Amino acid sequence: MMKTMVAAALSTLSAFTFADAADIGGQWARGDGNARVKIAPCGSDICVVNTWIKPGTPREKKGDKLVMSIKPSAGGVYSGTAFDPQRDMTYELTVTVQGDKMITKGCIVAGLLCKGIDWIRLK
């Protein structure tokens with residue numbers, strides 16, 4: 001099953017830095033209220049780390065990390081892959097950021113099984 005924090009982040013490209021994607025960084029809350037994450041650079045990638053998980057949420061814990069390699073394109077859309085080290089799985093990933101809202105869509109099995117998650121930026 002896909003990790004619930006599939007959300008976002010980027011691999012640094014030669015002409016792309018985290019500052020170019022500042023709108024994706026920061027603290028985010030999952031739309032269902034079950035998780036909060038921090039998105040920030042980690043080495044040459046961007047990591048999404050669970051900072052809070054609602055008690056009783058299965059298969060998730062505080063500190064779980066998702067390492068993402070995505071490229072920005074027009075309109076606040078990023079695409080690429082996300083690696084979940086806890087499950088040793090890689091997902092195809094699309095992230096759309098519009099102001100304080102973000103939608104992540106992660107897919108496995110050659111794009112046949114996908115799940116979308118809504119996020120709200122925390123201030």
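Q: What makes Val109, Leu112 and Leu113 a nonpolar patch on the surface?
A: Happy to start there, with the reminder that this is a predicted model. A patch of this kind takes nonpolar side chains, Val and Leu among them, with over 30% relative accessible area and no salt bridge, joined within 5 Å. Val109, Leu112 and Leu113 form such a patch, and together they have about 320 Å² of accessible area.

Q: Why is Leu112 called exposed?
A: The cut-off for exposed is over 50% relative accessible area. Leu112 has 68% relative accessibility, so it counts as exposed. As for its place, Leu112 sits in the loop between S7 and strand S8 (113–121).

Q: How do you know that S5 and S6 pair, and in which sense?
A: Pairing needs at least two bridges between two strands. Strand S5 (residues 77–84) and strand S6 (residues 89–98) have eight bridges, in the antiparallel sense, so they count as paired. One of the partnerships to look for is Val77 with Thr96 in S6.

Q: What lies between S5 and S6, and which residue in the turn has a positive phi?
A: The two strands form a hairpin with four residues between them, and the residue in question is Asp88, with a phi of about 55°.

Q: What makes S6 and S7 a pair?
A: Set against the requirement of at least two bridges, S6 and strand S7 (residues 101–108) are joined by seven and run antiparallel. They therefore count as paired. Across this pairing, Thr96 stands opposite Ile103 in S7, and Leu93 stands opposite Gly106 in S7. Thr96 is thus a handy residue to follow, being also the bridge partner of Val77.

Q: Which residue in the turn of the S6 and S7 hairpin has a positive phi?
A: That is Gly99, at about 65°, in a hairpin with two residues between the strands.

Q: What is the order of strands in the closed barrel?
A: The barrel of eight strands runs S1-S2-S3-S4-S5-S6-S7-S8, with antiparallel pairing. From one strand to the next, the twist averages 35°. The chain has zero helices and eight strands, and its pattern along the sequence reads β-β-β-β-β-β-β-β.

Q: How much of the protein chain is buried, and how much area does the chain expose?
A: Buried means under 20% relative accessible area, and 41% of the 123 residues in the protein chain are buried. The chain exposes about 6300 Å², with carbon and sulfur atoms supplying 57% of it.

Note on methods
Residues are numbered from 1 along each chain as its sequence is written. This is a predicted model: local features need pLDDT of at least 70, side-chain atom pairs count only at pLDDT 80 or more; totals for chains, interfaces and linings use all residues. Side-chain values use heavy atoms; hydrogens and water are left out. Axes are lines fitted to C-alpha atoms, for helices over the stretch in contact, and angles run from 0 to 180 degrees between N-to-C directions. Buried means under 20% relative accessible area, exposed over 50%, partly exposed in between (1.4 Å probe, protein chains only). Accessible areas come from the Shrake-Rupley method with a 1.4 Å probe; for residues, only the protein chains shown count as cover. Patches are made of residues with over 30% relative accessible area and no salt bridge: like charges are joined within 9 Å, nonpolar side chains (Val, Leu, Ile, Met, Phe, Trp, Tyr) within 5 Å. A salt bridge is a side-chain nitrogen of Lys or Arg within 4 Å of a carboxyl oxygen of Asp or Glu.
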